[in-house]
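Work through the exercises below with the sequence and the coordinates open. Each task is followed by a solution in steps.

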Amino acid sequence: MNTHVDKASDPLSCLHRHIVDCSVSVVGRDSAVHCSFSSGQVRRGLECGSKMDESAVIIREARREDCQSIINLSKEIANFHKHFNSPQVDAKVLERDTFDLECPNMGFYVAVIDNTVIGYAHYYYTYTVRLGRNMCLQDLYVQEKFRNHRVGDKLMHAIAKKAVEQNVDKMEFIVTDWNRAKSFYKRKGAIDYTEKENFHLYLFDKAALEKMASA
């Protein structure tokens, strides 16, 4: 499925982010509770186990000031996969690569409640001679206490809309075999290419690249 890569030097990088994303993506389908709660009340209610007004969740493209929140959530993903010591860029590097490059090759959507980022989707572009520009879903993550409220669905909708607007023919990502989020993606029409085409994911880590480059 999609490429959720942890970091270039992490042997599980390609698996990590989407695997993580997927884990976050196990979204329930209980109906929204339409109340006049403020977003602050929504967050406090969730902490007490109450249902939340799903309309209080705002999905938008990430801003420069969201970078630290995205980094923090990415660390939660790493911990979920027990990659406690995996490499991690800092907020300044993420800010540079997302907002300061003339033609950035990636972007983020964030889910926000009460001005707090509670989830995000990270995508980037690849290119093939056969299909042209493609999209990869690197991460899809929602904090645990905000799951089962269709936040993952809303993030996926934003990503899909972006792909259509960019005239992208396919979006790829990776999910670990044990991740329950596989069913989430399949319900949305994702094709398991490992089952269909018997593909295998390979990667060269930094040490292997340096060895080849110096040969």
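The exercises cover the sheet, the helices packed on it, the cores, the cysteines and two loop residues.

The model is predicted: local features need pLDDT of at least 70, side-chain atom pairs count only at pLDDT 80 or more, and totals for chains, interfaces and linings use all residues. Residues are numbered from 1 along each chain as its sequence is written, and side-chain values use heavy atoms, with hydrogens and water left out.

**Exercise 1. List the elements and describe the sheet.**

Step 1. Elements are DSSP runs numbered from the N terminus: helices (H or I, at least four residues) and strands (E, at least two). The protein has 8 helices and 5 strands, in the order α-α-β-α-α-β-β-β-α-β-α-α-α from the N terminus on.

Step 2. Strands pair if DSSP finds at least two bridges between them. The 5 strands form an open sheet with mixed pairing, ordered E1-E2-E3-E4-E5. E1 (58–61) and E5 (171–172) are the edges; each has a single partner strand, so one side of each is left without a neighbour in the sheet.

Step 3. E4 (residues 132–142) pairs with E5 in the parallel sense over 2 bridges. Met 171 in E5 is the bridge partner of Met 135.

**Exercise 2. Find the strands touched by H3 and H5, and give the helix directions.**

Step 1. A contact means heavy atoms within 4.5 Å. Axes are lines fitted to C-alpha atoms, for helices over the stretch in contact, and angles between N-to-C directions run from 0 to 180 degrees.

Step 2. Helix H3 (residues 67–80) packs on the sheet against E2 (106–113), E3 (116–128) and E4, and its direction makes about 85 degrees with that of E3.

Step 3. Helix H5 (residues 151–165) packs on the sheet too, touching E1, E2, E3, E4 and E5; its direction makes about 165 degrees with that of E4.

**Exercise 3. Locate the nonpolar cores.**

Step 1. Buried means under 20% relative accessible area, exposed over 50%, partly exposed in between (1.4 Å probe, protein chains only). Buried residues make up 44% of the 215 residues.

Step 2. A nonpolar core is a set of buried Ala, Val, Leu, Ile, Met, Phe, Trp, Tyr and Cys residues joined through side-chain atoms within 4.5 Å. The largest has 25 residues; among those with the most contacts inside it are Ile 118, Met 135, Leu 155 and Tyr 185.

Step 3. E2, E3, E4, H5 and helix H6 (181–187) each give two or more residues to this core. H5 supplies the largest share, 6 residues.

Step 4. Another core, of 14 residues, lies apart from the largest one and includes Cys 67, Leu 94, Phe 108 and Tyr 120.

**Exercise 4. Which residues of H4 are buried, and how are they arranged?**

Step 1. In H4 (residues 91–100), the buried residues are Ala 91, Leu 94 and Thr 98.

Step 2. Down the axis of H4 they fall within an arc of 65 degrees, so they line one face of the helix. The arc is that of the directions from the helix axis to the C-beta atoms.

Step 3. These buried residues pack against H3 and E2.

**Exercise 5. Classify two cysteines and check for disulfides.**

Step 1. Cys 67 has 2% relative accessibility and counts as buried, while Cys 103, at 65%, counts as exposed.

Step 2. With a disulfide taken as a pair of cysteine sulfur atoms within 2.5 Å, the count is 0.

**Exercise 6. Describe two residues with positive phi.**

Step 1. Most residues other than glycine have a negative phi.

Step 2. Asn 148 has phi near 65 degrees. Asn 148 sits in the loop between E4 and H5 and, at 40% relative accessibility, is partly exposed.

Step 3. Asn 198 has phi near 60 degrees. Its loop joins H7 (193–197) and H8 (206–214), and Asn 198 is exposed at 54% relative accessibility.
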